[in-house]
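Q: I am new to this structure and would like to learn how to read its features. Where should I begin?

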Amino acid sequence: MTRPMERSAALFERAQQHMAGGVGSGTRSPRSGWRPCPIFVASASGSRITDADGNTYVDYQMGQGPLILGHRHPALVEAVSTTFATRGSHFALCHDLEEEAAAAVCARMPSIEQLRFGSSGTECAQYALRFARATTGRQKVLRFEGQYHGWSDAIHWSAHPSADTYGSLASPSVAPSSTGIPLAVGDTLVVATWNDVGLLEAAFAEHGDELAAVICEPIAGNAGGLLPAPGYLERMRELATRHGALLILDEVLTGFRVHPGGAQGLLGVRADLTILAKAIAGGLPVAAVGGSREAMAVVTEGRTMHGGTYNANPLACAAVIATMRETGKPGFYDDLLARGRRLGDGLVAAAKDAGLEACVSGVGSMFQLWFTTSPPTSYRDALDRVAESPFPTFHGELLERMVLTQPPQQGLFLPSAAHTEEDVDHTLDVARAIMPRVAEARAAGIVGATGRVR
Ligand SMILES: Cc1ncc(COP(=O)(O)O)c(C=O)c1O
């Protein structure tokens with residue numbers, strides 16, 4: 001190890017006294033690949049993050065996705081601090097900014113006629129499932145292996161199962177992704193393999209008439225940015241409609257990241273219910289669940305409970321309005337995606353120059369580098385590739401040279417609008433310098449998972 005980490009190590013030691021495991025979320029722990037210890041952040045600005053030891057990194061984790069404008073974007077700082085200073089942080093009563101924020105989101109996503117705000121993706125995913133069950137009067141939900149919809153008991157199943165527990169391809173096991181989840185909930189779920197139309201049709205043939213909903217990440221971000229095969233989402237849409245199930249698109253990662261209208265806008269598929277979080281508010285804890293008037297009627301009519309003390313608080317709404325305004329500027333997504341594509345292509349070229357096979361999954365604003373000739377298409381496929389991948393060396397070498405990415409290969413590069421062409425050039429210089437070591441690691445069989453995914 002060359003970069004200083006003494007202060008982070010000392011803070012981690014201290015944090016373990018009063019915080020379970022010394023971290024605020026499992027994804028920040030050494031178990032998730034942050035070695036030798038978690039990075040303790042001092043401050044961040046634009047595309048850069050500075051840790052407690054004074055190391056400044058180009059940040060491609062971007063807070064796990066929300067920071068679409070970068071750290072501390074002036075428009076967001078101004079909107080949130082002025083709202084706090086002049087109006088207050090929280091009323092738990094109605095105010096004018098709610099409708100302004102909701103209208104700005106609906107204007108970007110035609111499938112969302114109405115919405116409710118919340119504070120986390122987990123919570124809004126749980127609500128979407130509840131609304132779908134209330135609307136259809138059915139109990140079961142079809143979900144996909146390797147996808148993540150938050151940690152609630154209702155859906156945190158088969159998120160990242162190991163090869164010895166995931167069961168057969170045709171009938172994947174329905175496996176809780178944590179201890180402590182009531183096993184009876186498993187009876188309400190059907191699990192399918194991502195991106196196989198035949199298996200999707202078989203799942204609908206067997207369970208379609210019992211399904212309240214099918215839920216998916218339209219681009220499987222939590223499996224490493226796996227795009228849907230051509231026609232796959234369209235077929236899912238058709239099957240859901242034919243069987244009277246709602247299509248829930250979890251756009252927590254993709255919403256306002258891959259296109260002005262999210263993955264729905266990019267891929268041309270219309271959801272009945274959509275879950276949004278992360279980039280909706282540029283880094284403030286805001287989420288939303290919304291859809292057609294019909295799908296939201298259970299809430300409108302007061303038949304289904306939806307609440308939350310902090311929902312649509314003025315700071316949240318100010319952040320949404322500012323983020324929609326900034327990301328709605330002409331060319332925002334063209335520039336973001338083009339810069340990300342140049343980065344991805346450059347990483348592939350650097351790897352190939354070192355004699356490695358390489359490709360990228362996803363799109364420019366959420367992608368991953370794979371040391372294979374083509375990207376994986378399903379979770380199982382990704383898992384097989386991770387087992388043979390020198391990614392841990394790639395990640396560790398980047399970190400030593402102050403380029404911060406998520407440790408698991410099933411994570412993503414998440415560039416923001418604050419990343420400059422110079423940041424990309426610098427990252428590619430680093431990549432060219434480290435790729436021979438990555439190639440050596442592969443030749444020496446130093447391969448496998450960096451850390452637990454979730
Ligand atoms: C696709 C997806 N859905 C839901 C969630 C849960 O969101 P939160 O962490 O805000 O509860 C995440 C979080 O990473 C996510 O990536």
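**Empty space, the ligand and the backbone**

A: Begin with the enclosed space, and keep in mind that this is a predicted model. The largest cavity has a volume of about 210 Å³. Of the 19 residues lining that cavity, Gln64, Asn222, Gln406, Gly411 and Arg454 are the closest to its centre.

Q: How is such space found, and how many cavities of 30 Å³ or more are there in the whole structure?

A: Rolling a probe the size of a water molecule over the atoms shows where empty space is left. Here, searching the whole structure gives 2 cavities of 30 Å³ or more.

Q: What classes of residue make up the lining of the largest cavity?

A: The lining of the largest cavity consists of 7 nonpolar, 9 polar and 3 charged residues.

Q: How does a pocket differ from a cavity, and how much space lies in the largest pocket?

A: A probe in a cavity cannot get out, whereas a pocket is open. In this structure the largest pocket holds about 1400 Å³ of space. Its lining has 50 residues, and those nearest the centre of the pocket are Ser25, Thr27, Arg28, Gly63 and Gln64. Strand 1 (41-45) and helix 4 (121-136) are the elements that give two or more residues to this lining.

Q: Which element gives the most to the lining of the largest pocket, and how does that lining divide by class?

A: Helix 4 gives the most, with 3 residues. By class, 23 residues of the pocket lining are nonpolar, 20 are polar and 7 are charged.

Q: Where does the ligand lie, and which residues come nearest to it?

A: The ligand takes up the space of the largest pocket. There are 13 residues around the ligand, and Gly121, Thr122, Asn222, Asp250 and Lys278 come nearest. The shell around the ligand comprises 3 nonpolar, 6 polar and 4 charged residues.

Q: What should I look for between the ligand and the side chains?

A: Look for pairs of N or O atoms within 3.5 Å. For Thr122, a side-chain N or O atom is 2.6 Å from an oxygen atom of the ligand. The corresponding distance is 2.9 Å for the side chain of Lys278, and 3.0 Å for the side chain of Asn222. On its own the ligand has 390 Å² of accessible area, and the protein covers 86% of it.

Q: What should I check in the backbone?

A: Most residues other than glycine have a negative phi, and most peptide bonds are trans. The peptide bond from Arg35 to Pro36 is cis, with omega near 0°. Pro36 is found in the loop between helix 1 (6-18) and strand 1.

Q: What is the phi of Ser158, and where is Ser158 placed?

A: Ser158 is not a glycine, yet has a positive phi of about 50°. Ser158 belongs to the loop between strand 5 (140-144) and strand 6 (189-192).

Notes:
Residues numbered from 1 in each chain as written. Predicted model: local features only at pLDDT ≥ 70, side-chain atom pairs only at ≥ 80, totals over all residues. Heavy atoms only, no water. Near = heavy atom within 4 Å. Polar contact = N/O pair within 3.5 Å; in protein donor to acceptor, adjacent residues only side chain to side chain. Areas by Shrake-Rupley, 256 points an atom, 1.4 Å probe, with all protein chains shown as cover. 1 Å grid on protein atoms, 1.4 Å probe; cavity = no way out; pocket = protein on both sides within 12 Å on 5 of 7 lines; lining within 4 Å. Sits in = over half its atoms within 2 Å of the grid points. Nonpolar A, V, L, I, M, F, W, Y, C, P; charged D, E, K, R; others polar. Points joined across faces, edges and corners; volume = space filled by probe spheres on them. Helix = DSSP H or I, 4+ residues; strand = E, 2+ residues; numbered from the N terminus.
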